[in-house]
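The following paragraphs walk through a structure, taking charged pairs, packing and empty space in turn. Please keep the sequence and the coordinates at hand while reading.

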Amino acid sequence: MADTKTTEFEEEVSSKGNSRIVEMSWDPITRIVGSLGIYTKIDFSQRKVVECFSTSSIFRGYSIFMKGKDPRDAHFITSRICGICGDNHAACSVYNQNMAFKVRPPHLGEWICNLGEAAEYMFDHCIFQENLVAVDFCEKMVKETNPGVWEKATRTEAPNGHIHGYKTIADIMRAFNPIEGEFYREALVMSRVTREMFCLMEGRHVHPSTLYAGGVGTVPSVQLFTDYLTRLMKYIDWVKKAVPMHDDVFNFFYQALPGYEEVGKRRILLGCWSSLPDPEFCDFRYETMTDWARKSFVTPGIVVDGELLTTDLVEINLGIRILLGSSYYDDWVESNGHYRVTRDPLGNPVDPRHPWNVDTLPKPQKRDFKGKYSWVMSPRWFDKRSYLALDTGGGPLARLWVTALAGLVKTPYVEATGNSVKIHLPKTATRGPLSLEWKVPQWSNTIERDRARSYFQAYAAGLGLYFVEKALEEVRKGHTKTWNPFEVPKEAISCGFTEAVRGVLSHHMIIENGKIANYQPWPPTPWNANPRDIYGTPGPYEDAVQNTPIFEENSEEHFKGIDIMRTVRSFDPCLPCGVHMYLPKGKVVEAYHSPTFAATQWKK
């Protein structure tokens with residue numbers, strides 16, 4: 001069975017012709033973290049989704065309780081925003097602190113951080129792509145939702161079979177089966193290997209224990225990097241098999257189901273904030289951010305309708321706007337009338353709706369799809385004309401697309417060409433050298449989001465090889481320092497930018513009197529999972545699901561919603577980063593203490 005839960009099912013007959021509109025919801029969406037709900041109206045006569053709403057039902061409030069904290073603790077606290085990408089938050093917060101404290105880590109400290117973050121990309125993409133997304137394309141799922149496609153799969157040879165060893169597409173789908181599938185089990189082993197790689201660099205997964213402003217506390221040695229490299233080569237050996245397998249399955253779906261490119265397709269509106277900075281150039285100063293961000297190993301940029309609009313991270317930062325619309329909050333712009341930041345460190349004007357000026361004012365209320373229906377706010381990017389509902393393509397699609405078009409990255413193992421990204425993987429234990437090329441696709445859709453995730457595993461692995469080499473160079477030169485001291489300023493405004501596994505991540509901080517006065521983390525979840533904004537523009541999940549054709553062969557009585565589920569999961573949804581805890585005022589009805597425990601009972 002498909003992992004869906006239909007909580008509402010209401011049938012209505014449209015006044016136009018014989019259209020039969022059925023309301024269906026999946027709440028919560030499974031195989032993700034958090035309480036994401038997808039509410040749809042489906043026209044079964046046209047086999048098409050006609051309307052979609054994305055909801056999240058919890059609020060936690062990190063931006064509220066960060067106020068008054070010591071800014072040196074920011075990364076330890078914000079890593080707890082999520083139990084999946086906590087290290088991405090920690091790294092982003094450390095970048096933020098580096099800017100605020102005006103400290104530049106030693107090169108080796110940054111190479112170690114890059115090795116940890118590269119391992120996190122490999123780990124998270126591995127476990128999500130192979131153990132969660134691939135289930136949507138496995139034998140059991142395809143047999144149940146598209147038996148005709150399964151029959152074709154049994155008769156279709158796998159074009160890359162000489163690389164991965166599976167003769168037919170059906171054989172690959174069997175290997176994807178959860179628990180019993182060969183490839184499924186291999187991926188579980190690789191997720192352990194990559195997590196070990198991460199822990200070697202950052203101490204603990206998923207909340208790092210060795211990351212700090214000014215560098216890292218990891219003790220460097222040749223043995224440390226050799227231990228990382230040994231595991232990395234095992235992963236590279238495996239990823240040489242994984243990428244061609246996914247290519248075969250995704251290309252097969254286009255062939256077996258003509259028109260499948262329309263599933264999850266939306267306008268190309270992609271954002272990437274850059275990641276894995278080059279220590280040779282990155283000093284974490286806002287005044288030089290445009291230049292050093294462009295030297296990162298994942299390039300910053302915004303792609304609209306296939307055109308790369310900018311790679312200037314200062315311009316990207318100043319264009320961010322936080323809108324409300326259908327979110328459960330009061331508007332701080334209407335409530336405050338004054339803003340903390342009117343100019344950035346370069347003297348550029350800062351908008352009242354920029355993250356530096358956001359004041360989180362939660363307003364719990366009943367869900368109303370004609371009004372407010374989600375705890376996720378609606379970030380947008382203002383291009384001087386309109387507020388663009390950017391998405392991250394699940395992370396890898398935007399990262400590869402921007403990096404490819406910019407053509408700025410060139411290492412021995414990965415390089416951007418202007419229209420593609422080439423990845424060169426060396427000989428490993430069981431496989432010879434393999435070169436892969438991710439080419440800019442025609443569409444931003446479900447299949448291409450998933451395909452990019454597979455290629456980015458190889459991209460991160462190639463960068464891991466380069467980072468190990470650079471780290472070993474530092475050690476052999478005797479440059480073993482990994483941390484530089486700093487002082488906390490009385491006043492500062494700062495920001496940190498990186499790419500969380502599933503996309504854009506920024507932390508914006510204001511320090512007053514040596515304490516945090518405002519701290520705004522903006523992860524990929526609010527960019528992808530947001531509801532309709534004040535102008536009625538749907539969020540990316542909503543937009544991608546709306547107008548999606550239905551290829552599932554089941555009738556509405558036995559409908560699983562597999563095409564909808566594939567679309568939502570192609571974004572790698574993870575709701576904790578978008579919403580946080582809210583505690584309403586309660587009334588103490590009884591309080592007591594004992595030698596063994598203390599308890600307080602509350603009533604709303």
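Asp450 and Arg453 form a salt bridge through their side chains, with N and O 2.9 Å apart. The model in which this pair is found is a predicted one. Both residues belong to helix α15 (residues 446-476), and because they are three residues apart there, about one helical turn separates them. How accessible are the two partners? Asp450 has 0% relative accessibility and therefore counts as buried. Arg453 likewise has 0% relative accessibility, so this residue counts as buried too.

A salt bridge in another helix joins Arg192 to Glu196, where the closest N and O atoms are 3.3 Å apart. Helix α9 (residues 182-202) holds both Arg192 and Glu196, with a spacing of four residues, again about one turn of the helix. The accessibility of this pair can be set beside that of the pair in helix α15. Arg192 counts as exposed because its relative accessibility is 60%, and Glu196, at 28%, counts as partly exposed.

A further salt bridge connects two strands. Glu23 pairs with Lys41, and their closest N and O atoms are 3.8 Å apart. Here the partners come from distant parts of the chain: Glu23 sits in strand β2 (residues 20-26) and Lys41 in strand β3 (residues 36-43), with their positions 18 residues apart. Glu23 has 19% relative accessibility; the limit for buried is under 20%, so Glu23 counts as buried. Lys41, at 26% relative accessibility, counts as partly exposed. Which residues make up the network of salt bridges that includes this pair? Glu23 and Lys41 are linked in that network with Glu51. Over the whole structure, the search finds 36 salt bridges.

The next topic is nonpolar packing. The largest nonpolar core contains 147 residues, and Phe225, Tyr228, Phe253 and Tyr459 have the most contacts inside it. Which helix gives the most residues to this core? Helix α10 (residues 222-256) does, contributing 17 residues. Tyr228 can serve as an example of the packing. Leaving aside residues up to four places away in sequence, Tyr228 touches Leu115, Ala118, Ala119, Met122, Met197, Leu200, Met201 and Val468. Another core lies apart from the largest one and has 21 residues, including Trp26, Ile38, Ile550 and Phe571.

What remains is the space that the atoms leave empty. Rolling a probe the size of a water molecule over the atoms shows where such space is left. The largest pocket holds about 220 Å³ of space. Its lining consists of 17 residues, and those nearest the pocket centre are Val33, Ile84, Asp124, Ile127 and Leu132. Helix α4 (residues 107-133) supplies the largest share of this lining, with five residues. By residue class, the lining of the largest pocket has ten nonpolar, two polar and five charged members.

Cavities are counted apart from pockets. There are three cavities of 30 Å³ or more. The second largest cavity has a volume of about 60 Å³. Which residues line the second largest cavity? Its walls are formed by Tyr95, Ser274, Ser275, Leu276, Pro277, Phe284, Trp292, Ser296, Leu313 and Phe497. Seven of these lining residues are nonpolar and three are polar, with no charged residue in the lining.

Key: Residues numbered from 1 in each chain as written. Predicted model: local features only at pLDDT ≥ 70, side-chain atom pairs only at ≥ 80, totals over all residues. Heavy atoms only, no water. Core = buried A, V, L, I, M, F, W, Y, C linked by side-chain atoms within 4.5 Å. Buried < 20%, exposed > 50% of the residue type's maximum accessible area, 1.4 Å probe, protein only. Contact = heavy atoms within 4.5 Å. 1 Å grid on protein atoms, 1.4 Å probe; cavity = no way out; pocket = protein on both sides within 12 Å on 5 of 7 lines; lining within 4 Å. Points joined across faces, edges and corners; volume = space filled by probe spheres on them. Nonpolar A, V, L, I, M, F, W, Y, C, P; charged D, E, K, R; others polar. Salt bridge = Lys/Arg side-chain N within 4 Å of Asp/Glu carboxyl O.
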